[in-house]
Amino acid sequence: KFVAFIMSVHIAEVLQIFFCVLAGIPVMRTPLQILFLILVTDLPPSIALGMEPGESTILKEKPRPRKEPVVLNWMWISMMMNGLILSAVIIAIYLVSLAYYCEGAIFQSNIDTLKDRDQKLMQARTVAFIALVWSENVRSYTSRSFDKPVWRDMFGNRHMQKAIFLAQVCLYAAVLIPFFSDEILGLSGMSIGGHGWAGALLGPIACLVLCEVVKPITGYQMRQYQKRLATATDLTHEAGENDSKVGWRSWRSAAIAVLRTAVILHPRSGGPSGTTRPPFFAHCRMNALGGARHQLQPSSSFGYQFPNTHIARGPRFT
């Protein structure tokens, strides 16, 4: 969950800057603003996700193969979808803010001709910055589960509440404290007006709705993955049972062969004086191999003998 959240928001931030450069519009954020986002507003929620309690259905999931990576394919798809959603929402808000504060101009070449262009550009960037922080905070809540709705046990992780509170305090300090906001970070929350704050509020709302919309897709991919794991597990168990059956049969056959050989090669006493009585298995072995032309017959002394010939030792006819 930590990786899914941090990768989705960083993918979104990279895509936003890339879009601005590619489209020829002013870059959405300065390097200091990017650093502030990564270290101050993104880090606390990501740490809180690392302290997320285990889900109640975790024992119903099949064990994952040892050689699989931590981030699976369906997780990458989920991260990309959420990153694209976050990017699209913030880019749309930024374009509207540029058009609103820069007198309808959105391209860099047109904005450069405006009077007080730095102030106007600062206002548009401030709206996009606030919308991004709020949207990422919402994204941290939606990241608590890949397939469950956000309102399911929404406040179950108390560390998340602390992290969001800290991120909000840092946000308002970044956009409202004089000199720190405008001179250092290049933000101005006091000058964007009510329209700017209302426009920024559309970001987390749209992000929440769209991120929840794509969760059924991720849930379907998770179920398909669990089915593949179950099939692989069943095949492995079946192969193991077959191997154990074959192994048991092999051991049983070997044990029987050893016992028969021991019985044949170890004749029992009880015949006439100076003689021994071969076991009954010797009779069966001789008949099976066809190695004797005469049948063994029991003698009066409970020994076995050929007609007119007494058998002295068993190994001689095996």
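**Notebook: helix packing and empty space**

I looked first at α1 and α2, whose crossing is right-handed. The model I am reading is a predicted one.

**Entry: α1 and α2**

I looked up how the two axes lie: they come within 9 Å and cross at roughly 160 degrees. An angle over 145 degrees counts as roughly antiparallel, and α1 and α2 are therefore roughly antiparallel to each other. I then listed the residues in contact. From α1 come Phe2, Phe5, Ile6, Val9, His10, Glu13 and Ile17. From α2 come Ile34, Leu37, Ile38, Asp42, Pro45, Ser46, Ile47, Leu49 and Gly50. Sorted by class, this contact of α1 with α2 holds 11 nonpolar, 3 polar and 2 charged residues.

**Entry: α2 and α5**

I next followed α2 to α5. Their axes are 10 Å apart, and the helices pack at an angle of about 15 degrees. That makes α2 roughly parallel to α5, since angles under 35 degrees count as roughly parallel. The crossing of α2 and α5 is right-handed. On the α2 side I noted Gln33, Phe36, Leu37, Thr41, Asp42, Pro45 and Leu49. On the α5 side I noted Phe129, Leu132, Val133, Glu136, Asn137 and Ser140. I sorted the residues of the contact of α2 with α5 into 7 nonpolar, 4 polar and 2 charged.

I checked the list for α1 again and found that Leu37, Asp42, Pro45 and Leu49 of α2 appear there; these four residues also appear in the contact of α2 with α5.

**Entry: α5 and α8**

I then turned to α5, residues 117–142, and α8, residues 193–213. They pack at an angle of about 30 degrees, with their axes 8 Å apart. That makes α5 roughly parallel to α8. I recorded a right-handed crossing where α5 passes α8. In α5 the contact residues are Val127, Ile130, Ala131, Trp134, Ser135, Val138, Arg139 and Thr142. In α8 they meet Gly196, Trp197, Ala200, Leu201, Gly203, Pro204, Cys207, Leu208, Cys211 and Glu212. I counted this contact by class as 12 nonpolar, 4 polar and 2 charged residues.

**Entry: the cavity**

I asked how many cavities of 30 Å³ or more the structure holds. I found 1 cavity of that size. About 90 Å³ of space lies in the largest cavity. I listed its lining as Ser78, Asn82, Arg139, Thr142, Ser143, Ser145, Phe146, Cys211, Val214, Lys215 and Thr218. Three helices, α3 (73–101), α5 and α9 (215–265), each supply at least two residues of this lining. By class the lining of the largest cavity has 3 nonpolar, 6 polar and 2 charged residues.

I recognised some names from the previous entry. Arg139, Thr142 and Cys211 line the largest cavity, and these residues also take part in the contact of α5 with α8.

**Entry: the pockets**

Which residues lie nearest the centre of the largest pocket? I found Lys1, Glu61, Trp74, Met75 and Phe146 there, among 26 residues that line this pocket. The elements giving two or more residues to the lining of the largest pocket are α1 (2–23), α2 (31–50), α3 and α9. I recorded its volume as about 550 Å³. Its lining divides into 14 nonpolar, 5 polar and 7 charged residues. Phe146 is also one of the residues that line the largest cavity.

I looked up the second largest pocket last and recorded a volume of about 310 Å³. It is lined by 17 residues, and Glu55, Ser145, Lys148, Arg152 and Asp153 are the closest to its centre. The lining of the second largest pocket has 4 nonpolar, 5 polar and 8 charged residues. I noted that Ser145 appears in the lining of the largest cavity as well.

Methods:
Residues are numbered from 1 along each chain as its sequence is written. This is a predicted model: local features need pLDDT of at least 70, side-chain atom pairs count only at pLDDT 80 or more; totals for chains, interfaces and linings use all residues. Side-chain values use heavy atoms; hydrogens and water are left out. Axes are lines fitted to C-alpha atoms, for helices over the stretch in contact, and angles run from 0 to 180 degrees between N-to-C directions. Angles under 35 degrees count as roughly parallel, over 145 as roughly antiparallel, 65 to 115 as roughly perpendicular and the rest as oblique. A crossing is left-handed if the near helix is turned anticlockwise from the far one by less than a right angle, and right-handed if clockwise. Contact means heavy atoms within 4.5 Å. Ala, Val, Leu, Ile, Met, Phe, Trp, Tyr, Cys and Pro count as nonpolar, Asp, Glu, Lys and Arg as charged, and the others, Gly among them, as polar. On a 1 Å grid over the protein atoms alone, a cavity is a set of points where a 1.4 Å probe fits but cannot get out, and a pocket is an open set with protein on both sides within 12 Å along at least five of seven lines; lining residues have an atom within 4 Å of a point. Grid points are joined across faces, edges and corners, and a volume is the space filled by probe spheres set on the points.
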